[in-house]
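Colleague: I'm new to this one and would like a close look at a single part of it. Could you walk me through a place where two helices come together?

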Amino acid sequence: MAQVKLTIDDREILAEESKTVLEAALENGIYIPHLCHHENLHPNGGCRLCVVKQEGVDGVITSCSVKVKEGMIIRTRDELAEKIRKLSCDLMFKTHPSECVGCPKYGKCQLASISQYIGDGGRDLREQKIPAQNDESNPLMVHELYRCILCGRCVRACGELRGVGALKFTKEGGRMRVSVNGNSLEEAGCMFCGACVEVCPTGSIRDKVGIFKEGVGRELSLVPCMEGCPANIDVPKYIRFIREGNYPAAAAVVREKAPFPETLGYICTHNCEMQCKRSHLNSPLSIRNLKRFAAAQDDGSWRERAVRKPDSGKRVAVIGAGPAGLTAAYYLKKLGHEVTVFEKLPQAGGQMRYGIPSYRLPREVLDREIAEIEAIGVVIKCESDVASAAELKASGYDAVFAAIGTHAGNKLPIPGNDLENVYLNAEFLRAVNLGEPMKVGERVVVLGGGNVAIDCAESALRLGAKEVHMACLEAADKMTASDEEIEWAKEDGIHIHNSKTFNEIIGENGKAAGLSVTGVKNFYFENGKAVIEKEENSDEIIAADTVIFAVGQHPDVTEEFGLALARGRIVTDGGTRTSAEGIFAAGDGVTGTQSVIKAIAGARAAASEIDRYLGGDGVIEEQLAPEQDANPCIGKAAGMAAMERVAPAVAAVETRTCSFAPMDFGYSCEDAACEAKRCLQCDLRVQIAPQKFWSDYAGEEGGRQA
């Protein structure tokens, strides 16, 4: 692109001939006030704040709409230009609330910034009586009409950037205002994309749903599903690939952050869905099911883009072949290190294999993804128990990563906890998954309200129990189990007793015969212990000949392991370094039982830190998916707000509890396409240039305050 030479405020600069005077000035650190201008929108010139003097031209020009020319001489501080700016600013403030000067409530405001720049920061507007008018019809955004300065950015963004046109100018009561282009948001075709929020210079249109979180950056703040994922998987990107029908590319996006894309598609706790903005319209996007669908269509094309660094000559030992251990091993091998994984159980997989029943996670899916890890050269030695991480390190390894998990269940200290037929969740589920299930009676009660408790209850049902109960301290709306799992459990006839505290396990002839419980009005935790307020006269006994504790798990580790411990967990420095030189740890053994995706995220951090310890750069990021052209012009979609979440195909109740065969069949192509269309594409907001203020521009021109 050809360049021209021009002079702005006695400073000679070069600019591409396609640029406007305003763009050329800003790119060179010379600030010219502007409000209606936005670099992603077509020039408008309506606010008259960007006017400047061009030598040889009568009057002033709007710098946002005039292109640069060779030899052009511009003065931004011309007397007439500054007079027009102040007049324009005065007119805007006449219909603007006084508290907006400086915007103490809503943060930076471009109008306030400009007011300070042109010397009106001390304006006293306390006597103004501007009626507060709010449009609350949008469930995701609030439109405070009295803060609007009619710059038109929102209207233009909705039309120019998005191709929707859901906003327009109307005249009401003798005053112009921005309104919905129809009788309702649905009629207007609003896509709830947030472009209007992103370009609004005064906070007149704002997000109702809080987004900007301390320390997470602009992209993750604007894309809450991505921020909610512990591994920060680019959710909108792979959903867009699904919309386009490019399923292998969608799978590759997930694999960029996790080596278990299909496994996660079955069992992930989907923190991302909890953050999905779509939930404020009706229900969140079914992100996990979309992930599973895409992963099932993986054709392996991502391998062509996979990163493999040269051999480093370093050896790393990994203790534990669960999600954390296998993830760290995978990335460390890709970084060039020789990796050996030691697993004490017969097969790799950790809690994915021994803690999750096969009706939830088909073993062939897990086997396939573990085989991919082995295929790059990771060595997995099963039935190899490591008693001491310190001794393993001393045997010749350059680094050791401890990912021991939480394979020991917790028993509550209540009478009867040692009776026959009283089991621990971890042991019970491990026995089921080893094909050597513990015997259950006709009436089973599970203590706990999380997903593991439901796994125990459903497994007991499949082992032949005639009646299964769950009892937990939490109220129905506070249970930690997922809504989906709870609903399926109820469909299967499992009785859930909420807000109950456990008194004792009643025994007969040395065997469990029932559970004594009392109703709970309220409870809270103090110094790590539950303080419970009981309901009077609410004692009851749940008859049972089998009782299963599912109230948490802990690592099976002692001081002999050679690492500092606290509350039975491995102590780290806040990252992944332990008390022993060259030994690192992450996953449930450090944090306590959490989730597979959190274990994966922790292992990624550990792999980076171990690589740096071994002399590498710690970079594990790679681009496995092809480039994606995320078209900002999304257009209208009929009935966008009303689109209902697509439910996966599930086995009938009368058949699914008869065996451990998979019960959730996921999405068909048609289901996936319909669900992917519900995505609000929040990531498109990242494409919109962030707003800048006069103080953001470098140089003395940007620092002037009249």
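**Two helices side by side**

Modeller: Sure. Keep in mind that this is a predicted model. A bit of background to begin with: the chain's secondary structure comes to 26 helices and 30 strands, and its C-alpha trace spans about 105 × 65 × 50 Å along the principal axes. Of the 706 residues in the chain, 56% are buried. If you take the contacts with a separation of 6 or more, 69% of them link residues 24 or more positions apart. As for the outside, the accessible surface is about 30,300 Å², and carbon and sulfur atoms account for 47% of that.

Now for the pair itself. Go to helix 19, which covers residues 451–462, and then find helix 20, at residues 483–491. These two pack with their axes 10 Å apart, at an angle of about 25 degrees. Angles under 35 degrees count as roughly parallel, so helix 19 is roughly parallel to helix 20. As for handedness, helix 19 and helix 20 make a left-handed crossing.

Which residues meet there? On the helix 19 side, look for Asn-451, Ile-454 and Glu-458; from helix 20, Glu-485, Ile-486, Trp-488 and Ala-489 come up against them. Sorted by character, the residues of this contact are four nonpolar, one polar and two charged. The nonpolar ones include Ile-454 from helix 19 and Trp-488 from helix 20, while Glu-458 and Glu-485 are charged and Asn-451 is polar.

Conventions
Residues numbered from 1 in each chain as written. Predicted model: local features only at pLDDT ≥ 70, side-chain atom pairs only at ≥ 80, totals over all residues. Heavy atoms only, no water. Axes fitted to C-alpha atoms, helices over the stretch in contact; angles between N-to-C directions. Helix = DSSP H or I, 4+ residues; strand = E, 2+ residues; numbered from the N terminus. Parallel < 35°, antiparallel > 145°, perpendicular 65-115°, else oblique. Left-handed = near helix turned anticlockwise from the far one by under 90°. Contact = heavy atoms within 4.5 Å. Buried < 20%, exposed > 50% of the residue type's maximum accessible area, 1.4 Å probe, protein only. Areas by Shrake-Rupley, 256 points an atom, 1.4 Å probe, with all protein chains shown as cover.
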